[in-house]
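Visitor: I am new to protein structures, and I would like a close look at a single part of this one. Please start at one residue and lead me outward from there.

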Amino acid sequence: MDLRRRVADLMPVARDELAELVAMRSVADPRQFPAEECERTARWVREKFAGVGFTDAHLEETADGSMAVVGSRNGSSGAAPTVLLYAHYDVQPPLDDDAWRTPPFELTEVDGRWYGRGSADCKGNIVMHLAALRALGDGIPVNLKLVVEGSEEQGTGGLEAFVPAHADMLRADTILVCDTGNAAVGHPAATVSLRGMVNVVVTVEASTSEIHSGMFGGAAPDALAALVAMLATLRDARGNTSVTGLDNTRRWSGAPYPPEQFRQDVGALDGVELLGSGSVSDMLWARPAVTILGIDCPPVVGSAAAIVPKAAARLNLRIPPGTVPEVAETALVEHLRAAAPWGVHVTVEVEATGSPFEAATDGPAYKAMAAAMQEAFGRPMTSLGQGGSIPLCNVFEETYPDAEIILMGVEEPQTLIHAPNESVDPSEIAGMALTEALFLEQYAATRR
């Protein structure tokens with residue numbers, strides 16, 4: 001029986017296992033969900049991978065207290081290359097339960113898609129790994145290592161600290177980071193770049209207390225008006241990020257993101273323009289992008305006729321490969337200070353920074369993955385960027401400089417990861433499981 005048929009026959013098992021996983025409320029935040037839910041999920045993952053040949057699978061506690069599932073499986077040839085399989089079992093909180101079409105922690109099929117928190121990000125990738133390994137059976141020709149972490153969504157860095165401290169445990173020739181996805185359902189892709197980030201909180205102070213807008217408005221210093229003026233300088237009239245000192249002219253050389261598809265994916269309202277002077281791909285993956293995440297000021301309901309003495313905003317600046325976080329941080333801070341009007345007092349607190357990532361695409365593993373995706377989906381693999389940051393990829397790159405890192409998975413745009421109504425197309429689980437199985441066979445052949 002060929003691999004495609006084996007994967008197809010395994011899909012009912014994959015659905016049952018995904019239903020079990022989705023039912024586990026593994027939000028890695030004990031303020032919202034019991035920590036026991038993550039521990040129960042970690043044990044489930046360990047048991048399932050032990051059942052597909054990772055006989056030494058066990059739990060390792062990481063620096064942030066989360067548990068990572070770690071294991072290994074030797075291939076049929078001692079000289080075979082080693083592949084590390086990655087995923088994470090923790091999930092985002094469901095957010096607004098009323099916004100869900102289906103119960104967030106109950107896998108539910110609607111119009112052919114499987115809905116539930118974590119169905120795509122990233123529990124769908126866990127069952128994808130399991131299906132690929134079962135399809136191959138006992139004859140896997142490469143050596144395998146495994147790490148499935150439990151705190152990726154919280155960004156607390158447990159595995160990022162664990163990897164360099166246990167470098168030999170996870171050392172591999174190729175690392176499959178299965179936490180991204182295809183360009184669209186049935187359109188295979190590898191993610192080759194990730195944005196870095198700079199998060200800051202800018203605070204503006206103009207006076208010592210609130211004062212009556214009728215008595216003093218017009219001449220009195222206004223912190224909120226100053227903050228609004230500063231924030232307005234972060235983008236130009238076309239919506240391009242216009243932070244002084246950052247390059248806003250780069251072009252994306254990989255697969256394009258069709259504007260019509262993008263409008264649909266983001267839910268843009270009729271008549272609302274997409275931002276920027278470049279293509280959608282340029283704006284997403286090749287250029288800096290600043291977002292105002294929140295503003296501290298009086299809310300509309302309950303606000304008084306008073307001039308605001310102090311206001312603050314939280315900003316997220318995404319930066320493409322080729323931009324150093326420290327340079328971007330300095331540029332953003334200096335831009336905000338220079339844009340402040342009327343001599344208001346400005347403080348900028350840097351919350352977090354992260355480096356962008358760019359994968360090498362000229363090695364044997366990347367070529368074998370391209371061939372596997374072509375065979376599995378019947379069309380060529382494309383190259384995508386991703387706006388999100390995965391700091392672990394930079395840690396892998398620094399710890400294993402000779403390893404090839406390939407980002408892939410089941411999370412195509414319709415999955416709505418991190419939002420209400422997250423879902424996965426089961427054909428993506430099947431297609432990526434077949435891709436992984438084919439890759440493991442073909443990659444071994446390239447190293448003989």
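Guide: Let's start with Met 369, which counts as buried because its relative accessibility is 0% (buried means under 20% relative accessible area, exposed over 50%, and partly exposed in between, using a 1.4 Å probe and protein chains only). Before we go on, please keep in mind that this is a predicted model, in which local features need pLDDT of at least 70 and side-chain atom pairs count only at pLDDT 80 or more, while totals for chains, interfaces and linings use all residues. Residues are numbered from 1 along each chain as its sequence is written, and side-chain values use heavy atoms, with hydrogens and water left out.

Met 369 belongs to helix H11 (helices, H or I with at least four residues, and strands, E with at least two, are DSSP runs numbered from the N terminus). Apart from neighbours within four places in sequence, Met 369 has contacts with Leu 176, Met 381, Ile 406, Met 408, Thr 435 and Phe 439 (contact means heavy atoms within 4.5 Å). Val 202, by comparison, is 167 residues away along the chain, and its C-alpha atom is 44 Å from that of Met 369.

Thr 435 and Phe 439 take us to a second helix, since both are among the H13 residues that meet H11. Two packed helices are described by the angle between their axes and the distance between the axes. For H11 (residues 364-377) and H13 (residues 426-446), the axes come within 8 Å and cross at roughly 135 degrees (axes are lines fitted to C-alpha atoms, for helices over the stretch in contact, and angles run from 0 to 180 degrees between N-to-C directions). That angle makes H11 oblique to H13 (under 35 degrees counts as roughly parallel, over 145 as roughly antiparallel, 65 to 115 as roughly perpendicular, and the rest as oblique). The crossing of H11 past H13 is right-handed (it is left-handed if the near helix is turned anticlockwise from the far one by less than a right angle, and right-handed if clockwise).

Who takes part in this contact? On the H11 side there are Pro 364, Ala 365, Ala 368, Met 369, Ala 371, Ala 372, Met 373, Glu 375, Ala 376 and Phe 377. Their partners in H13 include Gly 431, Met 432, Leu 434, Leu 438 and Tyr 443. Sorted by class, the contact of H11 with H13 has 14 nonpolar, four polar and two charged residues (Ala, Val, Leu, Ile, Met, Phe, Trp, Tyr, Cys and Pro count as nonpolar, Asp, Glu, Lys and Arg as charged, and the others, Gly among them, as polar).

Now follow another neighbour of our starting point, Met 408, which touches Met 369 and also Thr 180. Thr 180 sits in the loop between strand E7 (174-178) and strand E8 (189-194). With a relative accessible area of 1%, Thr 180 is buried. The side chains of Thr 180 and Thr 191 share a polar contact of 3.4 Å (a pair of N or O atoms within 3.5 Å; within protein, one must be able to donate a hydrogen and the other to accept it, and residues adjacent in sequence count only if both atoms are side-chain atoms). Beyond residues up to four places away in sequence, Thr 180 also touches Gln 386, Ile 390, Leu 407, Gly 409, Val 410 and Glu 411, among others.

Glu 411 gives us a link to Ser 355: the two are 56 residues apart in sequence and 22 Å apart in space, C-alpha to C-alpha. Ser 355 lies in the loop between strand E14 (345-354) and strand E15 (357-358), and its relative accessible area of 39% makes it partly exposed. Setting aside neighbours within four places in sequence, Ser 355 is in contact with Arg 195, Gly 196, Pro 325 and Asn 394.

Gly 196 falls within strand E9 (residues 196-205), which also holds Asn 199. Asn 199 counts as buried, at 8% relative accessibility. The side chain of Asn 199 makes a polar contact of 2.6 Å with the side chain of Asn 316. Other residues that Asn 199 contacts, outside its neighbours within four places, include Arg 314, Leu 317, Glu 349 and Ala 352.
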